[in-house]
Amino acid sequence: MLFDEEKTDFDDIATAGETKEIERAEKKAARKASKEAKKREKLLRDAAKLGFTPEMLGEDFGNEMSFEEILASDKKEKAQGKDGSSESSDNASESVAAEGTSIDKSEDASSKAESDDTSKKKRKKGRKERDPSYNVVKELLSTIIYMGGVILLVFILHTFVGQKVQVEGDSMNPTLLDTETLWVDKLRYHFTDPKRFDVIVFPWKPGGDILFVKRIIGLPGETVKIENGNIYINGQVLNEDYGAAAIEDPGIASTKVILASDEYFVLGDNRNNSNDSRSSDVGNIKRENIIGKAVFRITPLKKFGDFDKEESE
């Protein structure tokens, strides 16, 4: 292209060229600034995830200094602080904590020492508490006291409260059967007198081990006589239905039996198959020889309960 020297203004051309260059430079600078701003924003987000704030990182972060340079600078300052050349800055401390690569060693050592002391004290205390000789003696004494208490309780129950007895034979049929187990109340007659038709337990011979289970028919001071299968109390027929059948053998009660103030006349419910007060080897039962009243059946379990209620029903 040829220029007309007379018509062309070279100053205008130069000025237009400079303007374009300036515009290109400004656009380039704007793009660079935008790119740097985005880069700084990204670095700030990454730093925020690690716990840093823009105030901690300073205005140079993302501009003249990168994130890696700031971290490296913090490490260098911290190392210099350890050597005594300079103090650790707040940014350096925060950087190390954020990286998760280390913690305050002095605090860690102090905590560890305290933990070790506590552990030692606990171990010493545990050894003292687990002293074998102390535990053995304590356990032995505890066991002896426990067993002594159990034995004493059993003795009191068996001697003063009650005991378990087993029926042997058929003398109390149909009320009580062979091998059935009864519970005998020993306390009752310490507070009340035996009553007619009570089922009592007593030794065949005073002080003996063989026990009899019979029903009271005659009370102290009464006269008992058996005649024609009937029982007479003070001359009056006794109305009762405990007997399995009419009495065939009156024994010593064929004549009047006068009971003393502490004596009872007893019969088995199976009247024709029972060794009771009609026999001279049993005779009248003294109050002091009565062990107690049979109050309920223990076994068999399907018949557990008060047998007298069953009979009355």
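**Notebook: surface, salt bridges, core and sheet**

I began with the whole chain and noted that the accessible surface of the protein comes to about 21,400 Å², of which 54% belongs to carbon and sulfur atoms. I keep in mind throughout that this is a predicted model. Counting secondary structure, I found 8 helices and 11 strands in the protein, and of its 313 residues, buried ones make up 27%. I also looked up how far apart in sequence the contacting residues lie: among contacts between residues at least 6 apart, 57% join residues at least 24 apart.

**Surface patch**

Next I looked at the surface for nonpolar side chains and found a patch formed by Tyr146, Met147, Val150 and Ile151, which together have about 410 Å² of accessible area. I placed Val150 of this patch in helix H6, which covers residues 132-161. Val150 has a relative accessible area of 33% and is therefore partly exposed, since that class lies between the 20% and 50% limits.

**Salt bridges**

I then turned to charged pairs, where the count comes to 12 salt bridges. One of them pairs Glu222 with Arg196, and I read 2.7 Å between the closest N and O atoms. Glu222 sits in the loop between strand E4 (211-218) and strand E5 (223-227), whereas Arg196 sits in the loop between helix H7 (188-191) and strand E3 (199-203), so this pair ties together parts that are 26 residues apart in sequence. Is each partner buried or partly exposed? I found Glu222 buried, at a relative accessible area of 11%, while Arg196 is partly exposed at 25%.

I also recorded the salt bridge between Lys225 and Glu227, whose closest N and O atoms are 3.9 Å apart; I note that the cut-off for a salt bridge is 4 Å. Here Lys225 is partly exposed, with 24% relative accessibility, and Glu227 is partly exposed as well, with 36%.

A further salt bridge joins the side chains of Glu263 and Lys286, at 3.6 Å from N to O. Glu263 belongs to strand E9 (residues 263-267) and Lys286 to strand E10 (residues 285-286), so the pair ties together parts that are 23 residues apart in sequence. In this pair Glu263 counts as buried at 15% relative accessibility, whereas Lys286 counts as partly exposed at 31%. I noted too that Glu180, Arg297 and Lys303 are joined into one network by salt bridges that share partners.

**Nonpolar core**

Which residues touch the most other members of the largest nonpolar core? Of its 13 residues, I found these to be Ile217, Val224, Ile231, Ile233, Leu238, Phe265 and Leu267. The elements that give two or more residues to this core are E5, strand E6 (230-233) and E9. I followed Ile217 further: leaving aside neighbours within four places in sequence, its contacts include the core residues Ile231, Ile233, Leu238, Phe265 and Leu267. Ile217 is also in contact with Arg196 and Glu222, the two partners of the 2.7 Å salt bridge.

**Sheet**

Last, I traced an open sheet of 4 strands, in the order E7-E6-E5-E8 and with antiparallel pairing. Strand E7 (236-237) and strand E8 (257-258) stand at the edges with a single partner strand each, so one side of each is left without a neighbour in the sheet. Between E5 and E8, which run antiparallel, I found 2 bridges. Val224 has Val257 as its bridge partner in E8, and Val224 is also among the core residues listed above.

Definitions and conventions:
Residues numbered from 1 in each chain as written. Predicted model: local features only at pLDDT ≥ 70, side-chain atom pairs only at ≥ 80, totals over all residues. Heavy atoms only, no water. Patch = residues over 30% accessible without salt bridge, like charges linked within 9 Å, V, L, I, M, F, W, Y side chains within 5 Å. Areas by Shrake-Rupley, 256 points an atom, 1.4 Å probe, with all protein chains shown as cover. Buried < 20%, exposed > 50% of the residue type's maximum accessible area, 1.4 Å probe, protein only. Core = buried A, V, L, I, M, F, W, Y, C linked by side-chain atoms within 4.5 Å. Contact = heavy atoms within 4.5 Å. Pairing = 2+ DSSP bridges.
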